[in-house]
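Student: Could you walk me through this structure? I'd like to learn how to read its cysteines, its charge pairs and its chain-to-chain contacts.

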Amino acid sequence: MKNLITAGFLGREELMRLPGVPAIEALKAKKSLAFIECGEEIPCDPCRSACPRGAITVSPDVTSLPALNTDLCNGCGTCLAACPGMAIFLVDIGYSETEALVSIPYEYLPLPEVGDTGNALDRSGKAIGKAVIVKVKCPESYDRTAIITIKVLKDISLEARHIDI
Amino acid sequence: MKKSAQAVIIGGGIIGCAAAYYLAKEIDDVILIEKKCIAGESSGANYGMVWQQTRQDGYDLAAARRSLEIYPQLCREVFDLDIEYEEKGGMTLFFTDLQAEAAKGYVEYKNSLGVPVRLLSGKETRSLEPALSSRVTGSLFCAEEAQLNPFYTTLAFARAAQKEGATIYQGVEVLSINLDRGAVCSISTSEGKIFTNHVINAAGSWAGTVGAMVGLKVPVFPHRLQSLVTEQIPKLLTRTIQGSRIARTSEEAAKTFQYAYDTTGGNRPCINQQPPAECIIESSLFYAKPTVNGNIVLGTACDFAGYNRETSYEALAVIAHMAKMIIPRLKDVNIIRSWANFDPWTADGIPIVGETGVKGFFIAAGHGTGMSHAPATGEALAGLITGSAAAIPLGEANINRFTGYREEC
Amino acid sequence: MAEDLVIIGSGPAGLAAAVEAARAGVKVTVVDENASPGGQLFKQIHKFFGSEEHQAGIRGIDIGYRLLEECHLAKVKVMLNTAAWGIFHSSGNATTVAIKNKNDSLCSLDTKVVLLATGARENPLAFPGWTLPGVMGAGAAQTLINLHRIRPGNRVLMIGSGNVGLIVSYQLKQAGADIAAVIDIKPEIGGWGVHAAKLTRTGIPILCSHKIIEVRGLDKVEEAHVARVDREAKSIPGSEKLFKVDTVCIAVGLSPMAELAWSGGCRFAYLPELGGHVPVHNRSMETTRNNIYIAGDISGIEEASTAMEEGKIAGISIARSLGLLKNECAEELIRNKEKNLSALRGGPMGKTRKLAKEKLIRLFNIC
């Protein structure tokens, strides 16, 4: 995890090695899946108990990297707000022919509103394209971590992880 | 480690280091052995007073006055570090009119001994030290008194001694002192044996332990003194002050200025005399020393607790209450540190200095007044060992003043 | 009147211990020099890591409210605005805790047992300009934004990429500040990757192998000069960067606040992995002085979750030592907390701490 520990974000290759990040084929098949971008063995497992379908395992230890069972994950997004590290995203490539949805945990106020537009930022914070807010969810059960969903062009959906409004 | 020396000094406090300096000036091969580190005990934890107004007539006063003479010269010519020596005078406060009355006779007596102490009214006292409470009804002020940084002074003596060729071993413990036909011939240490014909016991509160190595009873006991140190604050005091016990009757007032720790009632102290058992914390004298850095060292609360180095809540509270009463502005000042040290104590308040019944075994210990005495003691001791003329007479400080001493030998 | 247990510090360790001990029937008094209890918990507005048994996923501030409620139910007495300044051994087996109460007068509490849960202090870092207004500890900035709702500045440079530096940077951003950069003299980020990633994806650069050269400004911080360093941590000429900032936060580690343990005569060990000089203790969190216990950051810098587990172990052990918990019962509870602790110190990120904590307990047994 060289990039993560020297620059502060996961490099593409580091990312694809993670057991919580689905393979492209699985995403293509399922259209909507969680991306658990958790790259360090830290003692943490709320994502496991948050998943209503048991799709996330953290084993054998609480420090093990979370693994996603893509067969069981149905892209409900419950795990996003549960992750204390705000490291889980939801990618839905079935939105339209050219566009995908990316759901992002978000803790800045004021919350954006549906229809707001801005730049989609990649993991390093670089602007990589346009993004439009299509959904803002912040029920009590999320405990003040909102989940915002942005619409971006499909080819940046695996990179877009933040929006600069 | 060196195998032999002309003289070995045991103890790296102010007395041992001063003795090492004066001896090394006269003779080669002087070794100082210290169990812990230089100034690691009382010499690094005291008020650094070089006073004469409280010294007893005789050796005690002579040594203090001689030291007041020597220190400025040492600072100018010998020491390679600033010992923060400041001749700002010393002040003893009192709190009742009865004490002011009793002080008159005391001042006359002291003046007759050559001590230039003056009686100040409460107002005069506060004009010199405006931070003092209005409860102070007067003071004894002696302009020819000084204060210094005790830690630096001890270190300065040690470095001066090394410059003169002395060797200092720290972290080395003396295990035994070996005699040959009643005379010192060598010492055994944790690092090996050193052949020598002169050993100086400058072990302060541990002088008894060292004395026992040659079969001598050396009646020096650890007197536990507790102190507080304030944070650094803008100047509040100019000079070191000493309080006195509050006296409400004329008998008490008359005793105010008896510094003789006068438990002997004019009689010679006894070699077997033990320190008083009762707790004397409540009747301890107040001290406040402003340091160059802006801290104020506050004391004291004394008792005898063996070598128990802990501070106690009662003692620190006594000091804090005294401080607040005498210098009200200290009320809002934070305390950053407290300590307990072992001031060497003797029954008559006078140190033990000089030769003993064991040939080649000398004592320079029992200084509750080490900073006031060190240069004079070191100089006189060196004179005694090398046979040169003495600046002050040592006779009265000899251990043979204790009754029962000869029977011990 | 003698107390059973006086706890110094009402942070996560102190409160967790208070609850465990009080539930077992110990008469507990907690003293804290601050105006409100909770220590650093109420500054922790982020969700905690760990497992369910560590209250993972719950924000620190809410854990604080829970603990206070539990203390209230267990009838724990909390004395605020009360600074403890000394631990003394009184006659008999009692210990005296010297305190300065809110009226500024000296007094003392006699107690059978003392638990020191005094926490830690931020390490300073000196560099040219470090005394300019606007240079502050990251913890201080966190107190300002999260407790007092005051943003210390609009544009911040964070020195130090440990979890404190990363989390406080994130929270400063939440409070509306721009973070110019997080810098660290080491070649790698000190804190957890997830905390770092939260910053980088918003465009905040984390510059490893960079150090602060100087902070300049007329009467407050105006700019910070930073340079890249080589392997010997020397700045590389030509690599200087200038950040226009009004605030510089320092997050270069914490040190245990162990003065009271020194004053109580506890034996110490020097373990840099735990933040420096720490009192050695046994499995029950008791120091080398009978009836003086420690828990939390004073026994080695970790985090709130471990502090609470240690506090619980101390609380249970104290109840046992006072005869209020049967040994088997206490042992079982302690084993359970030890399991939790072991999990929190698991993985490669926890290994150094885990080994150091084990060493501390081993050192207790070596005289």
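**Reading the model, feature by feature**

Tutor: Sure. Let's begin with burial: at a relative accessibility of 7%, Cys73(A) counts as buried, because the cut-off is under 20%. Keep in mind that this is a predicted model.

Student: Which class does Cys185(B) fall into, buried or partly exposed?

Tutor: Cys185(B) has a relative accessible area of 24%, so it is partly exposed.

Student: How many disulfides does a search of the whole structure find?

Tutor: The search comes back with 0 disulfides over all chains. Take Cys73(A) as the example: its nearest cysteine sulfur belongs to Cys79(A) and sits 6.6 Å away. A disulfide needs the two sulfurs within 2.5 Å, so that pair doesn't qualify.

Student: Okay, on to charges. What's the general idea?

Tutor: Side chains of opposite charge can pair when their charged atoms come close. In this model the rule gives 39 salt bridges over all chains.

Student: Which residue does Glu99(A) pair with?

Tutor: Glu99(A) meets Lys151(A), with 4.0 Å from N to O. Then check where the partners sit: Glu99(A) belongs to strand 5 (residues 99-106) of chain A and Lys151(A) to strand 8 (residues 146-153), so this bridge links distant parts of the chain, 52 residues apart. As for accessibility, Glu99(A) is partly exposed at 24%, and Lys151(A) is partly exposed at 22%.

Student: What about Glu159(A), which residue does it pair with?

Tutor: Glu159(A) forms a salt bridge with Arg123(A), at 3.1 Å from N to O. Both are in loops of chain A: Glu159(A) between strand 8 and strand 9 (162-164), Arg123(A) between strand 6 (117-121) and strand 7 (127-137), with 36 residues separating them. Here the burial classes split: Glu159(A) is partly exposed at 23%, while Arg123(A) is buried at 8%.

Student: Which residues are linked with those two in a network of salt bridges?

Tutor: The network joins Arg12(A), Glu37(A) and Arg161(A) to Arg123(A) and Glu159(A).

Student: Can you show me one in chain C too?

Tutor: Try Glu331(C) and Arg283(C), whose side chains meet at 2.7 Å, N to O. Glu331(C) lies in helix 8 (residues 327-344) of chain C and Arg283(C) in the loop between strand 18 (276-279) and strand 19 (292-294), so the pair ties together parts that are 48 residues apart in sequence. Glu331(C) counts as buried at 18%, whereas Arg283(C) is partly exposed at 37%.

Student: Now the interfaces. How many residues of chain B are in contact with chain C?

Tutor: On the chain B side there are 8, and they touch 11 residues of chain C. Next, look at area: chain B and chain C bury about 720 Å² between them, 61% of it on carbon and sulfur atoms. In chain B, the residues that lose the most area to chain C are Glu310(B), Tyr313(B) and Leu316(B), together 66% of what that side buries.

Student: How many salt bridges does the rule find across the interface of chain B and chain C?

Tutor: There is 1. In it, Glu310(B) pairs with Arg289(C), and the closest N and O atoms are 2.9 Å apart. By class, the side of chain B that touches chain C has 3 nonpolar, 3 polar and 2 charged residues. The count of residue pairs in polar contact between these chains is 2.

Student: And how much area do chain C and chain A bury between them?

Tutor: About 2,900 Å², with 53% of it on carbon and sulfur atoms. Lys47(C), Arg59(C) and Arg201(C) lose the most area on the chain C side, together 23% of what that side buries. In contact terms, 35 residues of chain C meet 36 residues of chain A.

Student: What about polar links there?

Tutor: Chain C and chain A share 3 salt bridges. Arg59(C) forms a salt bridge with Glu107(A), at 3.0 Å from N to O. Polar contacts between these chains come to 20 residue pairs.

Student: Which element supplies the largest share of the chain C side?

Tutor: That's helix 5 of chain C, with 6 residues. By class, the side of chain C that touches chain A has 16 nonpolar, 11 polar and 8 charged residues.

Note on methods
Residues are numbered from 1 along each chain as its sequence is written. Chains are lettered from A and ligands numbered from 1 in the order in which they are written. This is a predicted model: local features need pLDDT of at least 70, side-chain atom pairs count only at pLDDT 80 or more; totals for chains, interfaces and linings use all residues. Side-chain values use heavy atoms; hydrogens and water are left out. Buried means under 20% relative accessible area, exposed over 50%, partly exposed in between (1.4 Å probe, protein chains only). Contact means heavy atoms within 4.5 Å. Buried area is the accessible area (1.4 Å probe) that two parts lose on being put together, summed over both. A polar contact is a pair of N or O atoms within 3.5 Å; within protein, one must be able to donate a hydrogen and the other to accept it, and residues adjacent in sequence count only if both atoms are side-chain atoms. Ala, Val, Leu, Ile, Met, Phe, Trp, Tyr, Cys and Pro count as nonpolar, Asp, Glu, Lys and Arg as charged, and the others, Gly among them, as polar. Helices (H or I, at least four residues) and strands (E, at least two) are DSSP runs, numbered from the N terminus.
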